[in-house]
Amino acid sequence: MPRWLTKPLDGGNRPRKRQLVLAIRPLLATLRTQDPAKSDGTPPTQAEVAKRLHSNATSLSRFVSLDPRVPPRFFIEALYEAACADAGANGGEVGITLDALQDLRDRADAETRGCPRCVELSDRIDSLTQQLNRPCPACVAYQEEQKAYQKEQEVRTAQVAALTAQAAALRKEAAGLRAEVRTKETAVAGLQARLAMTHASRPPLPVPRRQGDRQRSKKDMAVARQLAAQAQELDSAGKQDEALALLQRGTTELLSPAETALVIVELRQRKRDHLVDNLIHVYGRDQEDRPVMAVAAELHEEGAADDAGAVLRAALR
């Protein structure tokens, strides 16, 4: 801004003229020189501006100060037109309308023509107008509270949306887990059904004899032969593991030592030596000393001394 437009507005009691000066100074600052020789962006002189606006330097100096003289309406119109043209050439705007600028000019002119009392009243009116236009502290506080409340609501809405999405994800995960559980339950049910069919297909174990009855009888021989026959049948079908499991269960849970010895003798007679060897090893390993010694004694009485010694050796390992 040229130096002649930056002079301080000191002295005087002319608020309306001050408002006008503060409005026209920026417009004057937008004006560019019309001299083709000045192409370096140098601002025009006060005389050049006065000539362009059909005025003179002295009058222009009074217009931009608190001098009582107020510019005529044609000056305001010429200034506004020139400022709009130069500002538009640089892609800018002047920021005020011609009507508003002329209104400021008319108010300043009325202030100059009025008496001191009118000037004082105008000042009071301006002061009250500024107070009315100034934001109310309570209103400002209320607006700030409303902004804070709105922001808090937005945060809560975002939190609810996040929790809703999380709940949906958990429900989806729970549904997947329930489906997985149902699949596993179906698999378990199938295994249980297969196990039940397997147990149903197994031949029943012989009924154990009563405790304390050591006398060999046709029943004891029948029980031993029945178990041996069942084991032979499974072994012949290629189910050696099931045959051994049958023998192990029968001899350890159901049969007496005497009956166990008869089973071993019967299997030897049926040429199932591999079943006998495995049964002797398992029986001697898993049973307590007293049943093992009883089986060995029974085998010795049946003339199976080698098997009796094998049972005892298995118990010692």
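## Talking through Glu-266, Arg-18 and helix H13

Modeller: In this predicted model, Glu-266 is in contact with Arg-225 and Ala-228, leaving aside its neighbours within four places in sequence.

Colleague: What makes those pairs count as a contact?

Modeller: Contact means heavy atoms within 4.5 Å, so Glu-266 has heavy atoms within that distance of Arg-225 and Ala-228. Glu-266 itself is found in helix H10.

Colleague: And why is Glu-266 counted as buried?

Modeller: Its relative accessibility is 11%. Buried means under 20%, so Glu-266 fits the label.

Colleague: Okay, over to Arg-18 in helix H1. Why is Arg-18 called partly exposed?

Modeller: Arg-18 has a relative accessible area of 31%. Buried is under 20% and exposed is over 50%, so Arg-18 lands in between.

Colleague: What makes the link from the side chain of Arg-18 to the backbone oxygen of Leu-9 a polar contact?

Modeller: The side chain of Arg-18 reaches that oxygen of Leu-9 at 3.3 Å. The cut-off for a pair of N or O atoms is 3.5 Å, so this one makes it. Also, Arg-18 and Ala-108 are 90 residues apart in sequence, yet 8.2 Å apart in space, C-alpha to C-alpha.

Colleague: Last one: how do you know that the reach of helix H13 is close to what's expected?

Modeller: H13 has twelve residues, 305–316, and reaches 17 Å from its first C-alpha to its last, against an expected 16 Å. Its buried residues are Asp-307, Ala-308, Gly-309, Val-311 and Ala-314. Among what covers them are helices H10, H11 and H12.

Technical notes: Residues numbered from 1 in each chain as written. Predicted model: local features only at pLDDT ≥ 70, side-chain atom pairs only at ≥ 80, totals over all residues. Heavy atoms only, no water. Helix = DSSP H or I, 4+ residues; strand = E, 2+ residues; numbered from the N terminus. Expected span 1.5 Å × (residues − 1). Buried < 20%, exposed > 50% of the residue type's maximum accessible area, 1.4 Å probe, protein only. Polar contact = N/O pair within 3.5 Å; in protein donor to acceptor, adjacent residues only side chain to side chain.
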